[in-house]
Amino acid sequence: MNIVYFLKNNKDRWWAIPLILPLILLPLLSGVNTYTQLGDGPVVLYYVPLFFLLAMMLFYGFAALPGIVLAVFFRYYSSVGLFEAAASILHFIVPVVLS
């Protein structure tokens, strides 16, 4: 199936772009953080994934929440486990929804 045809037919669906875009871009943007060295260790200056998820909420509203939850779950579940992945989802969702 042609990807342009698929996106054209599903452009007004709630699950099309807001569900797939965070799943693709969150792992890529996790490596783009800006660090500096202060004292004993590195410090994050810009945490890009949080900015990206906030932008997703600004563009797509609450339709972006399922994609954000899935992206954060897939990003952290393999490295930290279920409980910590659920806590990470909560730590991402609360500031994004309140903003």
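In this predicted model, buried residues account for 28% of the 99 residues of the protein. The exposed surface of the protein amounts to about 6,900 Å², and 70% of that area is supplied by carbon and sulfur atoms. Taken along the principal axes, the box filled by the C-alpha atoms measures roughly 55 × 30 × 25 Å. Of the contacts with a separation of 6 or more, 52% are between residues 24 or more positions apart.

The secondary structure consists of five helices and two strands. Their order along the sequence is α-α-β-β-α-α-α. Strand E1 covers residues 34-38 and strand E2 covers residues 41-46. The two strands run antiparallel and are joined by five bridges. Among the pairings, tyrosine 35 has valine 44 of E2 as its bridge partner, and glutamine 37 stands opposite proline 42, also in E2. The hairpin formed by E1 and E2 has two residues between the strands. In this hairpin, glycine 39 adopts a positive phi near 60°.

Asparagine 33 lies in the loop between helix H2 (17-29) and E1. With a relative accessibility of 11%, asparagine 33 is classed as buried, because the cut-off for that class is under 20%. Two polar contacts of its side chain were computed. The side chain of asparagine 33 reaches the backbone oxygen of serine 30 at 3.2 Å, and it also reaches the backbone nitrogen of valine 48 at 3.0 Å. When residues up to four places away in sequence are not counted, asparagine 33 touches Val44, Tyr46, Tyr47, Val48 and Pro49. Val48 is thus listed among the residues touched by asparagine 33, and its backbone nitrogen is the atom reached at 3.0 Å. Val44, another residue touched by asparagine 33, is the bridge partner of tyrosine 35.

Glycine 61 is placed in a further loop, between helix H3 (48-60) and helix H4 (65-80). The relative accessible area of glycine 61 is 24%, so this residue is partly exposed, the limits of that class being 20% and 50%. Glycine 61 and asparagine 33 are 28 residues apart in sequence. In space, the C-alpha to C-alpha distance between glycine 61 and asparagine 33 is 25 Å.

A nonpolar patch on the surface is formed by Ile3, Val4, Leu7, Ile17, Phe59 and Tyr60. Together these residues have about 590 Å² of accessible area. Helix H1 (3-9) and H3 each supply at least two residues of the nonpolar patch. The greatest contribution comes from H1, which gives three residues. Leucine 7, one of the patch residues, is found in helix H1. The relative accessibility of leucine 7 is 35%, so leucine 7 counts as partly exposed. This value is compatible with patch membership because a residue in a patch must have over 30% relative accessible area.

Note on methods. Residues numbered from 1 in each chain as written. Predicted model: local features only at pLDDT ≥ 70, side-chain atom pairs only at ≥ 80, totals over all residues. Heavy atoms only, no water. Pairing = 2+ DSSP bridges. Helix = DSSP H or I, 4+ residues; strand = E, 2+ residues; numbered from the N terminus. Buried < 20%, exposed > 50% of the residue type's maximum accessible area, 1.4 Å probe, protein only. Contact = heavy atoms within 4.5 Å. Areas by Shrake-Rupley, 256 points an atom, 1.4 Å probe, with all protein chains shown as cover. Polar contact = N/O pair within 3.5 Å; in protein donor to acceptor, adjacent residues only side chain to side chain. Patch = residues over 30% accessible without salt bridge, like charges linked within 9 Å, V, L, I, M, F, W, Y side chains within 5 Å. Salt bridge = Lys/Arg side-chain N within 4 Å of Asp/Glu carboxyl O.
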